[in-house]
Amino acid sequence: MSIDQTAVNRWAGLSDDAVHVDADGLDAYRLNRTLRELAQGSQQVAVDNPRARHNLGIGLEAMRAEIHFLGSVGYYCGGFNAGASIVVHGNAGWGVGEAMSEGRIVVRGSTAWSAGAGMRGGTIVIHGDGGPRTGIAMKGGDIFVVGSVGFLSGFMAHRGKIVVLNGAGESLGASMYEGRIFVSGDVGSLGADAIERPLDGKDTEELVRDLAVVGLPWPDGPFRKIEAEGRLWYFDKHDGRIWRSI
Amino acid sequence: MSSEGREPETDRTRAADALSMQESPIWDRYTIEEIQSKAELGRYRITGFSLHRRIPRLDDLVFLPAAMTRLPLEGYRESCETKTVLGARHGCAKPLELSVPVYITSMSFGALSWNAKAALGRAASAIGTCTCTGEGGMLTEEREESSLLVYQMTPSRYMLDLEHLRQADAIEVAMGQGAKPGTGGLLPGAKVADRVAEMRTLPKNIDQRSAVRHPDFLGADDMEVKLEELRIATDNQVPIFVKMPATRVREDVKIAAKIGADVIVVDGMEGATGASPELLLDHTGVPTIAAVAAAREALEELGLYGQVDLVVSGGIRSGADAAKALALGADAVAIGTAALIALNCNAPVYAEDYAQLGTASGFCHHCHTGRCPVGVATQDPELVERLDVEKAAERVENFINAMVMEITLLAKACGKGDVHGLEPEDLRALTLEAAAMARVPLAGTDWVPGQDGRF
């Protein structure tokens, strides 16, 4: 059955001259190569039939076109992203944007576990909910989540920022270094060594600017800032009790 | 009472005197010291190096060189192939072509100094073998010095991105290490200096306990997808290694082979480390001698022996150790501590500095303090200066060359024109334990404990 591409473009908010590529029949290597080729000559490249396949759009570098996956994607979509702009018109499986260093990934739906795992830079915007361990081990960059995030989000975050507009699950921000979490809405619990600190004027300024850039509304309730207290950072003998208790 | 007011010496008091200086086998001086040290610290002790107890080892095996039934090669006149290719299984563009079956294992920048990393890279390049980054990220000097560099991906994912992935000659997904299985890396604050902190994105001088679980895969099914992702990200140019500590070797090796590893690295309990809770060194994992045999059997049972390459590490100290590991089924061995000792670890220089650590050359295992007197396991610029990269690289190169000569000497004596021709049949065990663990007959018998139901 042929697809009315104009209708698809309208639904996805793409321009009429978006170039389409069918993921069916292309393995992940060939799909990547095709994306790079097509991205030279167009502003938007749309991938039809992603069918929640794993490893789509891996290791892409900065390119002229924005890549649109028209449907849900499986594990590690946009993994090792080094500058590409990717939009997922659906949900994303585990590890979307993991090890990303630059670029932008927008997920219109929700994400499964470990979105942005270990990312060093760039931005991920999740319009639905982020799953458990969102932003785990992240080293930089920003993650914005319109919905909530699951348990252990921000676990061992070294640096970078997670902004959540509608609540978080258990053990938020456990065992972090210099990662920062701004969360509005209910929080299940704070993780080991996570501590709430008051927002200062600069934080608010930063959030206002960030949300305007990614086009998200200011939430109804206030933001809480979660950071590491640093009690797990040193082998101090008095920390033995803290270590034993977690 | 005697006139001097002293009790006359009796058998009983003589026995009491002797007992008064007899060490209890349960509460010996080490145990007492350990308890008192914990009582002071309020936590377990942390130390560097390897285990502190005797375990069955490759030393408990001997070769059966050729005599009447087999024909030896002339040791000094006939050649013996040492070339070793790793990771060709999935048709990557550039499998690792090593000139010898020995390479330098993963040891992080952080645990080791920049000069140590550079020297190891230079030595490996001179030999024509590879070295491995370890978990601290890819050090510029190491990349420049190493013609073949394996890039390790650990749970902490320090400095992991496309730029660095594409600079790698192989990717090693680390699932743990033999020294401290089931736990992440450990880098005491004294070593988290400026550059280390920057590369690991950490606050300076914190006592870093790295993650043990990977952040974006848990089980074998996830990991299979992850290995494919790494292949796609590197456009299938380089092989994918999976490194694991030797614990449930048979099961773990089968899983790694099934989910697509090109090379499996099994690290025995003798494997050393820059810092570990002391108890893990002595009480976790299985010996290398047991790990090799179990790994080989696992691959044989899958019909993948010879396709998935097997690397063995953990306490490999000599060509004899290496040759035995090859005979038991390894395609290559990886050395860590041996290479550090060749660099200068425990060399009899700077005696006062060893003394300051409460030790002496030959005994030092104080890598965790960051005060390494010879500049190998430290981030102190003055100490690092002590390690001359050029000279240190030459020593490691010499050492590996010597190891390879030892391997070929044994191989040729066993009649092999290729070191990879060594086989379990070339070995006999000196102890029951070694016979059972390595699955080779006890010397003088045809008995392998447990084989064919014979106990």
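Here are some exercises with worked solutions on a predicted model with chains A and B.

## Exercise 1: The overall build of chain A

Find out how many helices and strands chain A has, and decide whether its radius of gyration agrees with that of a compact globule.

**Solution.**

Step 1. Begin with the elements: chain A contains four helices and 11 strands.

Step 2. Next comes the radius of gyration. For 246 residues, a compact globule would come out near 18 Å, and chain A has 19 Å, so the two agree.

Step 3. Look at the outline too. Along the principal axes, the C-alpha atoms of chain A fill a box of roughly 65 × 35 × 30 Å.

Step 4. Finish with burial and contacts. Of the 246 residues in chain A, 53% are buried. If you take the contacts in chain A between residues at least 6 apart in sequence, 26% of them join residues at least 24 apart.

## Exercise 2: Walking across the sheet

Work out the order of the strands in the open sheet of chain A, and name the edge strands.

**Solution.**

Step 1. Follow the strands across the sheet. The order in chain A is β1-β2-β3-β4-β5-β6-β7-β8-β9-β11-β10, and the pairing is mixed.

Step 2. Look for strands that pair on one side only. These are β1 (19-22) and β10 (194-197) of chain A, the edge strands.

Step 3. Now check the twist: from one strand to the next, it averages 20°.

## Exercise 3: Strand β4 and its partners

Describe how β4 of chain A pairs with β3 and β5, and find out how many of its residues are buried.

**Solution.**

Step 1. Take the β3 side. Strand β3 (residues 66-69) of chain A runs parallel to β4(A), with four bridges between them. Here I67(A) has I86(A) in β4(A) as its bridge partner.

Step 2. Turn to the β5 side. Strand β4 (residues 82-88) of chain A is joined to strand β5 (residues 102-107) of chain A by five bridges, and this pair is parallel as well. You can pick out A82(A), whose bridge partner is E102(A), and S85(A), which stands opposite R104(A).

Step 3. Count the covered residues. Six of the seven residues of β4(A) are buried.

## Exercise 4: Buried, partly exposed or exposed?

Classify L35(A), Q43(A), A52(A) and A137(A) by their C-beta neighbours within 10 Å.

**Solution.**

Step 1. Recall the cut-offs: 20 or more neighbours makes a residue buried, 12 or fewer makes it exposed, and anything in between is partly exposed.

Step 2. Start with L35(A), which lies in helix α2 (residues 28-40) of chain A. L35(A) has 22 other C-beta atoms within 10 Å, so it is buried. Leaving aside neighbours within four places in sequence, its contacts are V45(A), G57(A), L60(A) and I67(A). You met I67(A) above, as the partner of I86(A).

Step 3. Go on to Q43(A), in the loop between α2 and β2 (44-48) of chain A. Its count is 13, so Q43(A) is partly exposed. Not counting residues up to four places away in sequence, Q43(A) touches S15(A), R64(A), A65(A) and E66(A). Q43(A) and A18(A) are 25 residues apart in sequence, and their C-alpha atoms are 6.9 Å apart in space.

Step 4. Now try A52(A), in the loop between β2 and β3 of chain A. With 16 neighbours, A52(A) is partly exposed. Its phi is positive, about 55°, although A52(A) is not a glycine.

Step 5. End with A137(A), in the loop between β6 (123-126) and β7 (142-145) of chain A. The count of 33 makes A137(A) buried. This residue, also not a glycine, has a positive phi near 60°.

## Exercise 5: Where the chains meet

Identify the elements of chain B that give two or more residues to the side touching chain A, and describe the make-up of that side.

**Solution.**

Step 1. Get the totals: 27 residues of chain B are in contact with 35 residues of chain A.

Step 2. Name the elements. They are α5 (162-165) and α7 (220-233) of chain B. The largest share, six residues, comes from α7(B).

Step 3. Sort the residues on the chain B side by kind: 12 are nonpolar, five are polar and 10 are charged.

Step 4. Place this within chain B. Its domain assignment gives domain 1 (11-45) and domain 2 (47-453), whose C-alpha centres lie 37 Å apart.

How values were computed:
Residues numbered from 1 in each chain as written. Chains lettered and ligands numbered in written order. Predicted model: local features only at pLDDT ≥ 70, side-chain atom pairs only at ≥ 80, totals over all residues. Domains from an automatic or database assignment. Pairing = 2+ DSSP bridges. Axes fitted to C-alpha atoms, helices over the stretch in contact; angles between N-to-C directions. Contact = placed C-beta atoms within 7 Å. Nonpolar A, V, L, I, M, F, W, Y, C, P; charged D, E, K, R; others polar. Rg over C-alpha atoms; globule rule 2.2 N^0.38 Å.
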